[in-house]
Amino acid sequence: MNKNAILIELKEKQIELNKRINAIGSDFKKGRSQDFAEQATESENDQVLDGIRHEAKLELQQVNAAISRLENNNYGICRQCESEISRERLHALPYVQTCINCAQ
């Protein structure tokens, strides 16, 4: 996988995550039901959506960091032991920062 292909994949993931975060934000801005029982359900849904938004924001930070490493020619190098991260691992998780040994 070459640098341009990786960058394209990361940029696509970045766009996808931004869309997800914005969609959840838009949902929060919608009005809520006047029905008390419905409000309880909406509150539970809001908690789940907030968790999903939080995870998407964390993943977006990882993607942004991977793009930065790619631009600075540090991509694919383990942040802990400084060895190369396997191509298989980078293919599965293109924003991963550690080799499989350090991740365990």
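Which residue forms a salt bridge with Lys13, the closest N and O atoms being 3.3 Å apart? I looked this up before anything else, and Glu59 is the partner at that distance. I took a salt bridge to be a side-chain nitrogen of Lys or Arg within 4 Å of a carboxyl oxygen of Asp or Glu. The pair links distant parts of the chain, with Glu59 in helix α2 and Lys13 in helix α1, 46 residues apart.

**Ground rules**

I am working with a predicted model, in which local features need pLDDT of at least 70 and side-chain atom pairs count only at pLDDT 80 or more, while totals for chains, interfaces and linings use all residues. Residues are numbered from 1 along each chain as its sequence is written, and side-chain values use heavy atoms, with hydrogens and water left out.

**Confidence**

I checked pLDDT, the predictor's confidence in each residue on a scale from 0 to 100. The protein has a mean pLDDT of 88, and 88% of its residues reach 70 or more. Among the elements, helix α2 (residues 36-71) has the lowest mean, 86, and α4 the highest, 93. A reminder to myself: where pLDDT is low, the predicted coordinates should not be read in detail.

**Layout**

I found four helices and zero strands, so defined as DSSP runs numbered from the N terminus, with H or I over at least four residues for a helix and E over at least two for a strand. Read from the N terminus, the order is α-α-α-α.

I then looked at contacts, meaning heavy atoms within 4.5 Å. Of those between residues at least 6 apart in sequence, 54% join residues at least 24 apart.

For the surface, I have an accessible area of about 7300 Å², with 48% of it belonging to carbon and sulfur atoms. These areas come from the Shrake-Rupley method with a 1.4 Å probe, and for residues only the protein chains shown count as cover. I call a residue buried under 20% relative accessible area, exposed over 50%, and partly exposed in between (1.4 Å probe, protein chains only). By that rule, buried residues make up 26% of the 104 in the protein.

**Back to the salt bridges**

How many salt bridges does a search of the whole structure find? It finds four. Besides the pair I began with, Glu16 and Lys13 meet at 3.5 Å, N to O. Both lie in helix α1 (residues 3-29), three residues apart, about one turn of the helix. Arg20 and Glu16 meet at 2.8 Å, N to O, again both in α1, here four residues apart and about one turn.

I can join these up: Lys13, Glu16, Arg20 and Glu59 are linked in a network of salt bridges. Is Glu59 buried or exposed? Glu59 counts as buried because its relative accessibility is 15%. Lys13 is partly exposed at 24%, Arg20 is partly exposed at 31%, and Glu16 is partly exposed at 36%.

**Core**

Next I looked for a nonpolar core, a set of buried Ala, Val, Leu, Ile, Met, Phe, Trp, Tyr and Cys residues joined through side-chain atoms within 4.5 Å. The largest one has 17 residues, and those with the most contacts inside it are Leu10, Val63, Tyr75 and Ile85. Helices α1 and α2 each supply at least two residues of this core, and the largest share, six residues, comes from α2.

I followed Tyr75 outward. Leaving aside neighbours within four places in sequence, Tyr75 is in contact with Ile6, Leu10, Ala66, Arg69, Leu70, Leu90 and Pro94.

**Thr98 and the cysteines**

Thr98 lies in the loop between α3 (87-92) and α4 (100-103). With a relative accessible area of 15%, Thr98 is buried. Not counting residues up to four places away in sequence, I see Thr98 touching Cys78, Gln80, Ile85, Arg89 and Ala103.

I searched for disulfides, pairs of cysteine sulfur atoms within 2.5 Å, and the whole structure holds zero. Cys99 is in no disulfide; the nearest cysteine sulfur, that of Cys102, is 3.7 Å away. For Cys102, likewise in no disulfide, the nearest cysteine sulfur is that of Cys99. Cys99 is buried at 7% relative accessibility, whereas Cys102 is partly exposed at 23%.
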